[in-house]
Amino acid sequence: MATNRPSKLLGYLESRKNLTGSACGIVGLALTFAGAAGPYWPVVVAGLYGAGALLAPPERPPLPDFPDPSAQLDELREDYGKLRAYLTDVELPPAAAGHLTELTDLLTALLDPGWVAEVLAQDPEGVHALSRAVRQDVPEAVDTFVRTRWWTRLAPGTEPPERHLERQLSVLHGEAQSLATTLHEAEARRQESHTRYLEDRS
């Protein structure tokens with residue numbers, strides 16, 4: 001407890017309340033030297049200090065230090081590398097493998113460092129969508145297929161699990177393609193805005 005007192009005292013000395021109160025107290029001293037406060041100058045100085053401390057805006061606690069989108073993308077790239085390593089060990093039917101290749105090619109293009117990633121970093125919803133695809137949707141789709149394929153050997157005649165996997169991968173590819181289109185449209189709008197700016201300037 002004793003070790004916290006100096007830090008609390010120092011924190012109050014640097015606070016807005018103390019600085020505002022001190023400024024008002026200085027005004028009170030100026031009034032005293034000008035002869036306007038009379039014999040009650042200590043009350044005037046203390047009152048002005050208290051009023052200033054009460055009127056000072058409250059202290060704002062510091063915001064949480066969350067990682068910025070660029071740092072989130074760096075972590076996502078590492079997880080994507082783990083996903084790619086996992087996918088190389090999974091045997092898929094040709095059609096599903098083709099869908100997966102199309103999806104991973106698109107995810108690789110979106111996550112590669114460069115100007116595309118810089119645009120993506122400014123779209124928190126896009127980063128979240130990619131994170132969900134890499135960390136949840138793709139591994140869950142593939143793992144569910146692997147487990148379900150084993151059970152179909154015990155119950156032949158049921159719907160082949162690869163059909164569900166193909167449909168899932170198609171949906172995920174569509175979501176990734178939609179994100180790529182959104183990023184492209186944002187850049188196109190930026191280009192159009194710059195064109196209008198140059199034309200209006202001249």
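For the description of the pocket lining, Ala, Val, Leu, Ile, Met, Phe, Trp, Tyr, Cys and Pro are counted as nonpolar, Asp, Glu, Lys and Arg as charged, and the others, Gly among them, as polar. By these classes, the lining of the largest pocket in this predicted model comprises eight nonpolar, three polar and five charged residues. The pocket has a volume of about 150 Å³, and of the 16 residues that line it, Ala129, Glu175, Ala176, Ser178 and Leu179 lie nearest its centre. Two or more lining residues are contributed by each of α5 (94-111), α7 (124-152) and α8 (161-201), with α7 giving the most, namely seven residues.

The protein that holds this pocket has eight helices and zero strands, which along the sequence give the pattern α-α-α-α-α-α-α-α. Of its 202 residues, 24% are buried. Among contacts between residues at least 6 apart in sequence, 71% join residues that are at least 24 apart.

One charged residue in a loop deserves separate description. Asp123 is located between α6 (115-121) and α7, and when residues up to four places away in sequence are not counted, Asp123 touches Leu179 and Leu183. Leu179 is also among the residues nearest the centre of the largest pocket. Although Asp123 is buried, it has no salt bridge, and the nearest side chain of opposite charge, that of Arg189, is 8.5 Å away; because a salt bridge requires a side-chain nitrogen of Lys or Arg within 4 Å of a carboxyl oxygen of Asp or Glu, the pair Asp123 and Arg189 does not qualify.

Elsewhere, six salt bridges are counted. In helix α4 (residues 69-88), Lys82 and Asp79 lie three residues apart, about one turn of the helix, and their side chains meet in a salt bridge with an N to O distance of 3.8 Å. Lys82 is exposed, at 57% relative accessibility, whereas Asp79 is partly exposed, at 22%. These two residues are further linked with Arg135 in a network of salt bridges.

In helix α7, Arg147 and Asp143 are four residues apart and so separated by about one helical turn, and the closest N and O atoms of their salt bridge are 2.9 Å apart. Both partners are partly exposed, Arg147 with a relative accessible area of 44% and Asp143 with one of 31%. In helix α8, where Glu187 and Arg190 are three residues apart, the salt bridge between them has its closest N and O atoms 3.8 Å apart; here Glu187 is partly exposed, at 26% relative accessibility, while Arg190 is exposed, at 58%.

Notes:
Residues are numbered from 1 along each chain as its sequence is written. This is a predicted model: local features need pLDDT of at least 70, side-chain atom pairs count only at pLDDT 80 or more; totals for chains, interfaces and linings use all residues. Side-chain values use heavy atoms; hydrogens and water are left out. On a 1 Å grid over the protein atoms alone, a cavity is a set of points where a 1.4 Å probe fits but cannot get out, and a pocket is an open set with protein on both sides within 12 Å along at least five of seven lines; lining residues have an atom within 4 Å of a point. Grid points are joined across faces, edges and corners, and a volume is the space filled by probe spheres set on the points. Buried means under 20% relative accessible area, exposed over 50%, partly exposed in between (1.4 Å probe, protein chains only). Lys and Arg count as positive and Asp and Glu as negative; His and the chain ends are not counted. Contact means heavy atoms within 4.5 Å.
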